[in-house]
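Trainee: I'm new to this one and would like to go through it step by step. Could you show it to me first?

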Amino acid sequence: MRVIALPGASRFAATLAAELDCPCSALFTRSFPDGETLVRLDTDVAGEAVILAGSLDHPDLKTLPLIFAADAARELGAVKVGLVAPYLAYMRQDARFQPGEAISSRSYAFVLSSSVDFLVTVDPHLHRWRSLNDIYTIPTEVVPAAPAIAAWIRDNVPAPLIVGPDAESEQWAAHVAHLAGAPHTVMAKTRRGDRDVGVELNDKGPWPGRTPVLVDDIISTGHTLIGATLALREAGLAAPLCIGVHALFDDPALQQMHAAGIARVLSCETVAHASNAISIGPGLAHAVRRLATG
Ligand code: R5P
């Protein structure tokens with residue numbers, strides 16, 4: 001087995017390779033003056049199971065190099081080509097919300113399923129799709145972040161109240177709460193636009209002495225967590241901590257979250273980000289071993 005780091009993922013790939021006890025190298029990429037990309041495997045992959053490693057945030061930039069690398073590896077003799085993408089892109093576009101829209105999660109699944117032999121990821125945004133098998137035709141494994149998040153909360157928050165900011169987050173909030181031995185509640189969200197989000201607290205407790213810990217899969221503009229925080233503060237709860245599995249937000253979004261009263265924002269190490277504080281641990285390597293040797 002050999003791990004090849006996708007662009008920007010050298011640290012993650014090295015950690016994965018160390019857990020798999022196998023060699024790791026980087027995918028060489030170069031942009032031509034016209035914007036097209038050259039990719040090159042700087043290592044012999046004949047007879048190897050090749051594991052392409054890297055998150056798929058900013059997927060429009062990353063996906064073509066990934067497809068070219070997978071194709072090259074297979075052509076150069078790799079016996080299997082797997083993808084470990086801790087963040088899997090496009091899962092939120094899981095319906096035609098407006099007439100004529102692409103259901104991008106299905107299209108993206110078609111593209112990846114045509115390029116690699118298996119996929120390992122962390123908490124993909126499964127809402128209208130029940131599982132990745134609904135849209136992916138290759139073997140897939142989902143590693144949950146809940147055990148690592150619950151362990152962090154147990155170690156750092158004395159009396160937590162786990163809060164999901166919307167109905168979709170119930171799956172993560174309930175799992176984390178169960179593992180952390182804490183109560184949980186789920187709020188109601190209305191999204192009117194990318195940055196126009198209203199969140200209401202249905203169950204007002206009381207939860208005396210509890211610190212709210214908002215748990216969501218993705219933090220992008222931060223407006224879901226801002227809306228949730230405003231509602232929690234209005235109900236008299238303490239300033240919340242926010243934990244996202246996948247951090248896709250930028251510095252201005254972080255400043256807005258703090259201005260809204262969020263005490264701290266942290267994330268799992270699925271997308272390299274300044275907020276990373278929670279490691280997913282060896283779960284990804286275990287999943288790779290099962291799929292690469294299966
Ligand atoms: C969507 O339902 C997801 O679970 C997140 O709640 C959403 O992607 C967060 O986005 P934003 O930070 O832009 O509100």
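Trainee: How many Å separate a polar side-chain atom of Arg191 from an oxygen atom of the ligand?

Mentor: Keep in mind that this is a predicted model, in which local features need pLDDT of at least 70 and side-chain atom pairs count only at pLDDT 80 or more, while totals for chains, interfaces and linings use all residues. Residues are numbered from 1 along each chain as its sequence is written, and side-chain values use heavy atoms, with hydrogens and water left out. A polar contact is a pair of N or O atoms within 3.5 Å (within protein, one must be able to donate a hydrogen and the other to accept it, and residues adjacent in sequence count only if both atoms are side-chain atoms). For Arg191 and a ligand oxygen, the separation is 3.0 Å.

Trainee: Which residue has a side-chain N or O atom 2.6 Å from an oxygen atom of the ligand?

Mentor: Asp166 also has a polar side-chain atom by a ligand oxygen, but at 3.5 Å. The 2.6 Å distance belongs to Thr221.

Trainee: What share of the ligand's exposed area does the protein bury?

Mentor: Areas come from the Shrake-Rupley method with a 1.4 Å probe (for residues, only the protein chains shown count as cover). Taken alone, the ligand exposes 370 Å². Of that area, the protein buries 95%.

Trainee: How many residues surround the ligand?

Mentor: A residue counts as near if one of its heavy atoms lies within 4 Å of the molecule or strand. The closest ones are Glu168, Asp216, Asp217, Thr221 and Thr224. The full count is 15.

Trainee: What is the volume of the largest pocket?

Mentor: On a 1 Å grid over the protein atoms alone, a pocket is an open set of points with protein on both sides within 12 Å along at least five of seven lines, a cavity is a set where a 1.4 Å probe fits but cannot get out, and lining residues have an atom within 4 Å of a point. Points are joined across faces, edges and corners, and a volume is the space filled by probe spheres set on them. For the largest pocket this gives about 1,100 Å³.

Trainee: Which residues are closest to the centre of the largest pocket?

Mentor: The lining has 40 residues in total, with contributions of at least two each from strand S10, strand S12 and helix H6 (helices, H or I, have at least four residues and strands, E, at least two, as DSSP runs numbered from the N terminus). Closest to the centre are Arg92, Arg191, Asp194, Ile218 and Ser220.

Trainee: Which helix gives the most to the lining of the second largest pocket?

Mentor: That pocket has a volume of about 470 Å³ and is lined by 23 residues. Arg11, Phe12, Thr15, Glu269 and Thr270 lie nearest its centre. Six lining residues come from one helix, H1.

Trainee: What is the volume of the largest cavity?

Mentor: The whole structure holds one cavity of 30 Å³ or more. Among the residues lining the largest cavity are Tyr90, Arg92 and Ile218. Its volume is about 40 Å³.

Trainee: What is the phi of Tyr90?

Mentor: Tyr90 sits in the loop between strand S5 and helix H3. Although Tyr90 is not a glycine, its phi is positive, at about 70°.
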